[in-house]
Amino acid sequence: MLYTVLFGFSIGAILYFVSIGLSLTFGTMRVINFAHTLTYSIGVYMLITFIPAVRSFIPSAALAILVVIPISYVIERFVIRRLYGESLDYTFIATFAVALIGVDAIKWIWGVNPYPLSDPLGTYLQIGTLTFPIYRVIIILIAVILFFALELFFRKTIVGKIVIAALEDVDGVRCLGVRVDKYFAIVFILGSALAGLGGVLYAPISAVHPYMGLSVLLLAFAVVIVGGMGNLRGTFIS
């Protein structure tokens, strides 16, 4: 029973990394962002690309997330930004098209065969008769730390306060003379980077394949719907 609970928390932590970006983009931009699967998957494939050269998990993961940032900027600049204020149908079709293009690009570059990736730590926590991977415990701790870090960011920084205000009333924020599109771009890039983080952390405990982002996205949408679109605390709890 305890093993099942800990296992569930570790998977829930991964879903939180992916879901927080979806919650933010829909809450501020009113965009259903299926392109989130691309940044998630790109983070994973960049990880397996860097590991043979760097020979260390943490630096490779950091580099993979850094690669996700300019890719997410391009998606926001040339696709998402054109969809502000449009019907949700347009956002769904456009971002899903980006996701499918991304999947085919991954298959073209890295192939369709799954990549094995082992636990980077390989150590276990002994609780009585229970043996649990320490790597999964670290994932849970990172999710908790990230939650409090985001709370501080959105409550204490100017950018965070503008984003929170836009979640409540985006038109009112525009009337104050604030260029919300610039802050929307920051939110989109932040959410994409977190999706990339979720991907690189989940890769060692799952199969790496081109469609891995699509399967995670469906669960992430369920988390966001239960927690509430744009509700950051609700997303974490969900």
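**Figure 1. Close-up of Arg-55, an exposed residue in the loop between α2 and α3.** Arg-55 has a relative accessible area of 74% and is therefore classed as exposed (exposed means over 50% relative accessible area, buried under 20% and partly exposed in between, with a 1.4 Å probe and protein chains only). The model is a predicted one, in which local features need pLDDT of at least 70 and side-chain atom pairs count only at pLDDT 80 or more, whereas totals for chains, interfaces and linings use all residues. Residues are numbered from 1 along each chain as its sequence is written, and side-chain values use heavy atoms, with hydrogens and water left out. The backbone of Arg-55 has a positive phi of about 65°, although this residue is not a glycine. Most residues other than glycine have a negative phi. Helices here are DSSP runs (H or I, at least four residues; strands are E, at least two), numbered from the N terminus.

**Figure 2. Close-up of Glu-76 in helix α3 and its salt bridge with Arg-81.** The two side chains meet at 2.9 Å, N to O (a salt bridge is a side-chain nitrogen of Lys or Arg within 4 Å of a carboxyl oxygen of Asp or Glu). Glu-76 counts as buried because its relative accessibility is 0%, whereas Arg-81, at 29%, counts as partly exposed. Leaving aside neighbours within four places in sequence, Glu-76 is in contact with Arg-81, Tyr-84, Asp-181, Ala-185 and Phe-188, contact being heavy atoms within 4.5 Å.

**Figure 3. Close-up of the salt bridges Asp-104 to Lys-107 and Arg-233 to Glu-151.** A search of the whole structure finds three salt bridges. In the Asp-104 and Lys-107 pair, the closest N and O atoms are 3.4 Å apart, and the two residues, three apart in helix α4, are separated by about one helical turn. Asp-104 is partly exposed at 46% relative accessibility, and Lys-107 is partly exposed with a relative accessible area of 25%. The side chains of Arg-233 and Glu-151 meet at 2.9 Å, N to O, and this pair links distant parts of the chain, with Arg-233 in helix α9 and Glu-151 in helix α5, 82 residues apart. Arg-233 counts as partly exposed at 47% relative accessibility, while Glu-151, at 14%, counts as buried.

**Figure 4. Close-up of the largest pocket, with a volume of about 260 Å³.** A pocket is an open set of points on a 1 Å grid over the protein atoms alone, where a 1.4 Å probe fits and protein lies on both sides within 12 Å along at least five of seven lines, and its lining residues have an atom within 4 Å of a point. Points are joined across faces, edges and corners, and the volume is the space filled by probe spheres set on them. The lining comprises 13 residues, of which Phe-9, Gly-12, Ala-13, Phe-236 and Ile-237 lie nearest the centre of the pocket. Helices α1 (2–29), α5 (134–156) and α9 (232–237) each supply at least two lining residues, and α1 gives the most, with five. By class, ten are nonpolar, three polar and none charged (Ala, Val, Leu, Ile, Met, Phe, Trp, Tyr, Cys and Pro count as nonpolar, Asp, Glu, Lys and Arg as charged, and the others, Gly among them, as polar).

**Figure 5. Close-up of the second largest pocket, with a volume of about 200 Å³.** Its lining has eleven nonpolar residues, and neither polar nor charged ones. Among the lining residues are Phe-57, Ile-58 and Ala-61, together with Pro-120, Leu-121, Tyr-135, Val-200 and Leu-201. Helices α3 (57–78), α5 and α7 (180–202) each supply at least two residues of this lining.

**Figure 6. Close-up of the largest nonpolar core, which has 66 residues.** Such a core is a set of buried Ala, Val, Leu, Ile, Met, Phe, Trp, Tyr and Cys residues joined through side-chain atoms within 4.5 Å. Tyr-16, Phe-17, Leu-47, Val-200 and Leu-201 touch the most other members. The elements that give two or more residues to this core are α1, α2 (36–54), α3, α4 (88–110), α5, α6 (158–175), α7 and α8 (212–227), and α7 gives the most, with twelve. Apart from neighbours within four places in sequence, Tyr-16 is in contact with Ala-143, Leu-146, Phe-147, Leu-150, Thr-235 and Phe-236.

**Figure 7. Close-up of Val-163 in helix α6.** Val-163 counts as buried, because its relative accessibility is 3%. The C-alpha atoms of Val-163 and Leu-24 are separated by 8.7 Å, although these residues are 139 apart along the chain.
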